[in-house]
Amino acid sequence: MSKKIHLFSQLELRSLHLKNRIVVSPMCQYKAVEGHIQDWHIAHHSRFALGGMALSFVEATGITPEGRITHGCTGIWHDNHVLGLKKIELEELAPTFYVTPHSGQFILGSHSRSY
Ligand SMILES: Cc1cc2nc3c(=O)[nH]c(=O)nc-3n(C[C@H](O)[C@H](O)[C@H](O)COP(=O)(O)O)c2cc1C
């Protein structure tokens, strides 16, 4: 018989300790300006951390401007981006992971800002 795993049980992933098994999926917010996070992103991630989520994924964060999915996506191609992104890292509450795609021709070249 398989062992029952409880949603609120702790989990060790190598050196990462998660206080439970609730993880927030990455969700594009379309609110970044030139790749920089805004107050919105801090509020977005803080509410999950304060709500008790064990881990929060940051939205698709472009490694180059051209690699973003939309012009409103966060970026990490400049050191100043990192300074901003650090503001949403609440390690003591919930660690954050990043999705770093390169979208290629997927969207940026195909239409202008539509949001
Ligand atoms: C509005 C929205 C934005 C999303 N943004 C991202 C993203 O930035 N990066 C990513 O990897 N997945 C993104 N996803 C996909 C979600 O993280 C998730 O994988 C997907 O919604 C499937 O989740 P489910 O299996 O629980 O339905 C997004 C989904 C939605 C609905």
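His81 lies in helix H2, which spans residues 79-86. The model in which His81 is described here is predicted. The protein chain comprises two helices and five strands, and their succession along the sequence is β-β-β-α-β-α-β. This briefing covers His81 and its surroundings, the sheet, the nonpolar core and the ligand shell.

**His81 and its surroundings**

- His81 has 19 other C-beta atoms within 10 Å and is therefore partly exposed, since a buried residue needs 20 or more.
- Beyond its neighbours within four places in sequence, His81 makes contact with Gly35, His36, Gly75 and Ile76.
- Glu34 is separated from His81 by 47 residues in sequence, yet the C-alpha to C-alpha distance between Glu34 and His81 is 9.3 Å.

**The sheet**

- Three strands form an open sheet in the order S3-S4-S5, and their pairing is parallel.
- Strand S3 (23-24) and strand S5 (96-99) are the edge strands; each has a single partner strand, so one side of each has no neighbour in the sheet.
- In general, the strands of a sheet pair through backbone hydrogen bonds, in either a parallel or an antiparallel manner.
- Two bridges join S3 to strand S4 (residues 55-60) in the parallel sense.
- Val23 has Leu55, in S4, as its bridge partner.

**Burial, core and contacts along the chain**

- Of the 115 residues in the protein chain, 21% are buried.
- The largest nonpolar core consists of five residues, namely Ala32, Ile37, Ala60, Cys73 and Leu85.
- Leu85, a member of this core, is in contact with Ile37 and Ile76 when its neighbours within four places in sequence are left aside.
- Ile76 thus appears among the contacts of His81 and also among those of Leu85.
- Among contacts in the protein chain with a separation of 6 or more, 68% are between residues 24 or more positions apart.

**The ligand shell**

- Ser25, Pro26, Met27, Cys28, Glu59, Ala60 and Val99 surround the ligand.
- By residue class, this shell contains five nonpolar residues, one polar residue and one charged residue.
- Ala60 belongs both to the shell around the ligand and to the largest nonpolar core.
- Strand S4 (residues 55-60) includes the shell residues Glu59 and Ala60, while edge strand S5 (96-99) includes the shell residue Val99.

How values were computed
Residues are numbered from 1 along each chain as its sequence is written. This is a predicted model: local features need pLDDT of at least 70, side-chain atom pairs count only at pLDDT 80 or more; totals for chains, interfaces and linings use all residues. A residue is near a molecule or strand if its C-beta atom, placed from the backbone, lies within 6 Å of it. Ala, Val, Leu, Ile, Met, Phe, Trp, Tyr, Cys and Pro count as nonpolar, Asp, Glu, Lys and Arg as charged, and the others, Gly among them, as polar. Helices (H or I, at least four residues) and strands (E, at least two) are DSSP runs, numbered from the N terminus. A residue is buried if 20 or more other C-beta atoms lie within 10 Å of its own, exposed if 12 or fewer, and partly exposed in between; C-beta atoms are placed from the backbone. Two residues are in contact if their C-beta atoms, placed from the backbone, lie within 7 Å. Two strands pair if DSSP finds at least two bridges between them. A nonpolar core is a set of buried Ala, Val, Leu, Ile, Met, Phe, Trp, Tyr and Cys residues joined through C-beta atoms within 7 Å.
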